[in-house]
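Here is a friendly walk through one protein chain, taken a few residues and helices at a time. Have the sequence and the 3D view at hand as you read.

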Amino acid sequence: MVSWDPRIEEMPKEDLQRLQYRLLKTLVYRLYSFSEFYHERMKAQGVHPDDITQLSDVRNLPFMFKSDLREHYPDWLFTAPQEELVRYHVSSGTTGKPTVVGYTQRDIDNWTTSLARGLTSCGLGRGDVIQVSYGYGLFTGGLGLHYGAERIGATVIPASVGNTERQIELMQDLRATAIACTPSYLLHMGEVAEKMGVSIKKDTSLRSAILGAEPWSEEMRTRIQEWLGVRAYDIYGTSELYGPLFCECSEQTGIHMWGDLALAEIIDPSTGEPLEPGERGELTVTMLQKEALPMVRFRIGDITQIDDAVCLCGRTHPRIKRIQGRVDDMLIIRGINVFPSQVEHALMGIQEVGSHFQIVVDRKSELDTMLIRVEVSPEAFSDRINDLMKIRNTVAQRLKGSLNVAVDVELVEPGSLPRFEGKAKRVIDRRKI
Ligand code: DLL
């Protein structure tokens, strides 16, 4: 195993926890003394920095929500003056105001270091050519991966999103060995390449894909790996925590969350109470070294679980499991909770089904309905009506079995559902229109 910084990544767990406690204590004193927002919040909660005497006392600190950032738009929560900032990123904010994130030089350095560790842990380094096909600009994906990839000495192709045929040409001509983009964009690229007569597996040097920014399933990983001949790694982050930040290692058994940068907790989303180790719930993160925009007990809204065992790769930092979805993405269908990721999980296990689907939720005569439109795989697509009926029944049964709720299924032609260059939008909830 090659580590970017073995001293930190493989440090004994007890040392890591001691380091986290020291960083937490310093952070809390700093915020209590210099940030009006945190000072007021902590006072309202009845907690003083002196009360933090062990790591688990983080639980006594107040939560922070995305709405706090929106309500303090654009920069009222910043704890560094504008002259100290070297960059802003802005999230699009589909509902309400956007959120603005600011970075000091040290913030950018820590962000870059985090990605350098992650990219090294999945086997990338000097000699690799990394095509960064996340959006560059106000979105954190492009520039975040760009700096991380440069830091490890790789050669970067700053392709950004779109112009997909050109991306395939560049991938071939510049012999890209790795690509970073959303899983849905990679699927789209694979199809565009085939239309151009290019097999990514056979005709390019691509061997790794760093995929994230949206939920995807283990079954999707298998499909992508087999179809495109790459090893696919999950990368996670949110703009509030810097951007893309934590990545799987070559073991592909969860995302290493660097404990010197972030303190992760899993809580019950409805009560806010901490859950038992290993239980699944809402990820809540305290960033231990952020300067410009500190985040304390930030309720991200993503559902996952923590695995605190030392990884087979030797790294000691906690891992989070694949994100199941967001608390607010959960669909309630006739009283049953359904995550879009469960639909993907069930569909991708069926060979005759393609990789693209859409979920349409509606309400008819006071009853919720859920229609899954799914592309048949090009191989299975034939005009023999009986076969299609058989596939439809299999899909409906499989979905009912895993979701515990009956759904309507519509099989559609390969290539007929929308494709995405950034984050996929697979759910249409007509109840909200
Ligand atoms: O999506 C940052 C990012 C860029 C991550 C590139 C990875 C790669 P936001 O736009 O703020 O930031 O969206 C963050 O996206 O709370 C999750 O709900 C979702 N998300 C991000 N990565 C994953 C992942 C970027 N690997 C929100 N699996 C998060 C599932 C993910 N969901």
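Met295 is in contact with Tyr38, Met64, Leu69, Glu240, Val285, Thr286, Met287 and Lys290, leaving aside its neighbours within four places in sequence; contact means heavy atoms within 4.5 Å. This is a predicted model, in which local features need pLDDT of at least 70 and side-chain atom pairs count only at pLDDT 80 or more, while totals for chains, interfaces and linings use all residues. Residues are numbered from 1 along each chain as its sequence is written, and side-chain values use heavy atoms, with hydrogens and water left out.

Where does Met295 lie? Its place is the loop between β11 and β12 (298-304). Helices (H or I, at least four residues) and strands (E, at least two) are DSSP runs, numbered from the N terminus. Met295 counts as buried because its relative accessibility is 0%; buried means under 20% relative accessible area, exposed over 50%, and partly exposed in between, with a 1.4 Å probe and protein chains only. The C-alpha atoms of Met295 and Leu331 are separated by 28 Å, with these positions 36 residues apart along the chain.

Strand β11 (residues 281-287) holds Thr284. Thr284 also counts as buried, since its relative accessibility is 0%. Beyond four places in sequence, Thr284 is in contact with Phe63, Leu263, Ala264, Glu265, Ile267, Arg297, Phe298 and Arg299.

Leu263 comes up again with Gln20, a residue of helix α2 (residues 13-34). The C-alpha atoms of Gln20 and Leu263 are separated by 7.3 Å, although the two are 243 residues apart along the chain. Not counting residues up to four places away in sequence, Gln20 touches Leu55, Gly259, Ala262, Leu263 and Leu288. A polar atom of the Gln20 side chain lies 3.0 Å from the backbone oxygen of Gly259. With a relative accessible area of 6%, Gln20 is buried.

**A pair of helices**

Two packed helices are described by the angle between their axes and the distance between the axes. Helix α10 (residues 218-228) packs against helix α11 (residues 340-348) at an angle of about 45°, and their axes are 7 Å apart. That angle makes α10 oblique to α11. Axes are lines fitted to C-alpha atoms, for helices over the stretch in contact, and angles run from 0 to 180 degrees between N-to-C directions. Angles under 35 degrees count as roughly parallel, over 145 as roughly antiparallel, 65 to 115 as roughly perpendicular and the rest as oblique.

Which residues of the two helices meet? From α10 come Glu219, Met220 and Arg223, and from α11 come Glu344, His345, Leu347 and Met348. The residues of this contact divide into 3 nonpolar, 1 polar and 3 charged. Here Ala, Val, Leu, Ile, Met, Phe, Trp, Tyr, Cys and Pro count as nonpolar, Asp, Glu, Lys and Arg as charged, and the others, Gly among them, as polar. Helix α11 is mostly covered, with 7 of its 9 residues buried; Glu344, Leu347 and Met348 are among them.

**Helix α6**

Helix α6 (residues 140-151) has 12 residues, which at 1.5 Å a residue should span 16 Å; its end C-alpha atoms are 17 Å apart, which agrees. The expected span is 1.5 Å times one less than the number of residues. Buried residues in α6 include Thr140, Leu145, His146 and Ala149. Gly153 follows α6 and has a positive phi, near 85°.

**Around strand β19**

Asp368 is found in strand β19 (residues 367-376), and is buried with a relative accessible area of 9%. Its side chain makes a polar contact with the side chain of Arg363 at 3.0 Å. A polar contact is a pair of N or O atoms within 3.5 Å; within protein, one must be able to donate a hydrogen and the other to accept it, and residues adjacent in sequence count only if both atoms are side-chain atoms.

**Backbone angles in loops**

Three loop residues have backbone values to look up in the 3D view.

| Residue | Loop | Backbone value |
|---|---|---|
| Pro74 | between α4 (66-71) and β1 (85-91) | cis peptide bond from Tyr73, omega near -5° |
| Tyr242 | between β7 (231-238) and β8 (243-248) | phi near 120° |
| Ser365 | between β18 (353-364) and β19 | phi near 45° |

Are Tyr242 and Ser365 buried or exposed? Tyr242 is buried, with a relative accessible area of 1%, whereas Ser365 is exposed, at 73%.
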